[in-house]
Amino acid sequence: MTAKQVLPIIPDNTVVNKIYELRGLKVMLDSDLAELYGVETKVLNQSIRRNIERFPDDFMFQLTSEEWESLRSQIVTSKAKRGGRTYLPNVFTEHGILMLSSVLNSKQAIQVNIQIVRIFSRIRQFIVDNVELKLEIEEIKKTLNNHDKNIELVFTYLDRLIDKKIGPRKRIGYMPDDL
């Protein structure tokens, strides 16, 4: 292994399970990122507030109460009255996570950040591959639909030919008078 290669220090599935879809974006919670980076959520958010100009709305945003309630019911977190969060969490898009590497400079944060970016890239590639597969399936469906229409047309023509043959036939050719 070369000096530039970095081994993941956290299992990929642990990271993947911390990626959520909100507002049509793949995001990660500040508390999950803090845990992965080995810092307190409070420290992470302080670093962000000191560098807020690095985090526009498409990099990081705060959840609404409804989004947080919905997400909390899915991931089972503690209630605010029982020592849990007292404010709405920030979430980070892939670009925001990239920007975090310039704010947090610990070795663990850098390694985890590289790992997260690679996972986001794999997710994006998976989505692209699935879109291509869906397009191919649609093309096959269209082709089959055309074949179905052509087969239906052939059967219609066959039905017409059969109907014509069933009717009385005219005799063609030489006919002797005594018959």
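**Exercise 1. In this predicted model, find the bridge partner of Met28 in E4, then work out how E2 and E4 are joined.**

Step 1. Start at Met28: its bridge partner in E4 is Phe92.

Step 2. Move along to Leu29, and you land on Val91 of E4 as the bridge partner.

Step 3. Now zoom out to the strands. E2 and strand E4 (residues 90–92) are joined by 2 bridges and run antiparallel.

**Exercise 2. Look at E2 and strand E1: in which sense do they pair, and over how many bridges? Then check the phi of Arg23 in their hairpin.**

Step 1. E1 covers residues 19–22 and E2 covers residues 25–29; the two pair in the antiparallel sense over 4 bridges.

Step 2. For a concrete pair, take Glu21, whose bridge partner in E2 is Lys26.

Step 3. The hairpin has 2 residues between the strands. Arg23 lies in that loop between E1 and E2.

Step 4. Check the backbone there. Most residues other than glycine have a negative phi. Arg23 isn't a glycine, yet its phi is positive, at about 55 degrees.

Step 5. What about solvent? Arg23 counts as partly exposed because its relative accessibility is 48%, and that class sits between the 20% and 50% cut-offs.

**Exercise 3. Put the strands in order across the sheet, and say which ones stand at the edges.**

Step 1. The sheet is open and has 4 strands, ordered E1-E2-E4-E3, with antiparallel pairing.

Step 2. E1 and strand E3 (60–62) each have a single partner strand, so they stand at the edges, and one side of each has no neighbour in the sheet.

Step 3. Going from one strand to the next, the twist averages 45 degrees.

Step 4. Add the helix that packs on the sheet: H5 (residues 94–103) touches E2 and E4, and its direction makes about 95 degrees with that of E4.

**Exercise 4. Asp30: is it buried or exposed, and what does its side chain contact?**

Step 1. Place the residue first. Asp30 belongs to helix H2, which spans residues 30–37.

Step 2. Asp30 has 0% relative accessibility, so it counts as buried; the cut-off for that is under 20%.

Step 3. Look for a side-chain partner: Asp30 makes a polar contact with the side chain of Asn45, at 3.0 Å.

**Exercise 5. Describe how H2 meets helix H3: what is the crossing angle, and which residues make the contact?**

Step 1. H3 takes in residues 41–50; its axis and that of H2 come within 8 Å and cross at roughly 105 degrees.

Step 2. That angle makes H2 roughly perpendicular to H3, because the class runs from 65 to 115 degrees.

Step 3. List the players. H2 brings Asp30, Ser31, Ala34 and Tyr37, while H3 brings Thr41, Leu44 and Asn45.

Step 4. Sort them by class: the contact has 3 nonpolar, 3 polar and 1 charged residues.

**Exercise 6. How many helices and strands does the whole chain have, and what pattern do they follow along the sequence?**

Step 1. The count comes to 6 helices and 4 strands.

Step 2. Read along the sequence, they give α-β-β-α-α-β-α-β-α-α.

Step 3. For burial, 28% of the chain's 179 residues count as buried.

Step 4. Finish with contact range. Take contacts between residues at least 6 apart in sequence: 72% of them join residues at least 24 apart.

Key: Residues numbered from 1 in each chain as written. Predicted model: local features only at pLDDT ≥ 70, side-chain atom pairs only at ≥ 80, totals over all residues. Heavy atoms only, no water. Buried < 20%, exposed > 50% of the residue type's maximum accessible area, 1.4 Å probe, protein only. Polar contact = N/O pair within 3.5 Å; in protein donor to acceptor, adjacent residues only side chain to side chain. Pairing = 2+ DSSP bridges. Axes fitted to C-alpha atoms, helices over the stretch in contact; angles between N-to-C directions. Parallel < 35°, antiparallel > 145°, perpendicular 65-115°, else oblique. Contact = heavy atoms within 4.5 Å. Nonpolar A, V, L, I, M, F, W, Y, C, P; charged D, E, K, R; others polar.
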